[in-house]
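Student: Got a minute to go through this one with me? I'd like to start with the aromatics and then look at helix packing.

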Amino acid sequence: MKFKLFEKLGSLEGIELYLFLIGLIVVAALVIAIVIQRKKHPAAIESAPVTVRALVYGALCLALSFTLSYFKLFSMPFGGSITLCSMLPLVMYASCFGPVCGFTAALAYSVLQIVQGAWIVHWAQFILDYFVAFTCLGLAAFFPRSLPLGMAVAGLARMCVSTVSGAIFFADGGLEYGIANPWVYSLLYNGLTIGVDTLICVAVAFLPPVKRVYQALCRK
């Protein structure tokens, strides 16, 4: 495991660099637009049709999650990492706007993660680790009144999918560390990456400022 908060950012080039910059621009532009709109017309955003609010905040949360995913606190072999609460904005959006919006945004996020850099050894592993695992973040939509619980369930579901994938397709990885059982190795690996990432997001979800943002986002 290696600490690398800014190492990933320093190595960006090509399409990854462009996508990261686009994500930053989208986040900044949407935040500025919302702030200006609130100052000019305080009730404009809240009184807008749900579909308009869903699109605006969906784009904001998706771009924010994607941007935060570049800030990796720790990195493991085979692509596993702990990020700077990258799952939280997307989970917050799913919890506020329901299953259709939540799963759609989560699926879009899985595509962005593939573009960002996918670790592929088999087509089934590719589907499990990306399309299925990241789309599980949309499960938070079924917990509309509890962001920490929704975050915990969504993160645990993602970890379970990746654990199955790891036990099947990365079974030999544990031998280097003296772990012969692929399920034990995969559970430890994903627990130290996705599991810890989830715990950090759950802890942050309890913070009063985050609660206020969540309540404001869910106001319809």
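Tutor: Aromatic pairs come up here, followed by one helix contact. This is a predicted model, where local features need pLDDT of at least 70, side-chain atom pairs count only at pLDDT 80 or more, and totals for chains, interfaces and linings use all residues. Residues are numbered from 1 along each chain as its sequence is written, and side-chain values use heavy atoms, with hydrogens and water left out.

Student: How many aromatic pairs does a search of the whole structure find?

Tutor: The search gives 9, a pair being Phe, Tyr or Trp rings (six-membered ring for Trp) with centres within 6.5 Å; planes under 30 degrees apart are stacked, over 60 edge-to-face and the rest tilted. Phe66 and Tyr70 are edge-to-face, because their planes sit at 80° with centres 5.3 Å apart.

Student: And is Tyr70 buried or exposed?

Tutor: Buried, at 0% relative accessible area; buried is under 20%, exposed over 50%, partly exposed in between (1.4 Å probe, protein chains only). Phe66 is buried too, at 3%.

Student: What about Phe126 and Tyr130?

Tutor: That pair is tilted, since the planes are at 45°, with ring centres 5.9 Å apart. Both belong to one aromatic cluster with Tyr109, Phe131 and Phe134.

Student: Switching topic: at what angle do H7 and H8 pack?

Tutor: About 160°, with axes 8 Å apart. Axes are lines fitted to C-alpha atoms over the stretch in contact, and angles run from 0 to 180 degrees between N-to-C directions; helices are DSSP runs (H or I, at least four residues), numbered from the N terminus.

Key. Helix = DSSP H or I, 4+ residues; strand = E, 2+ residues; numbered from the N terminus.
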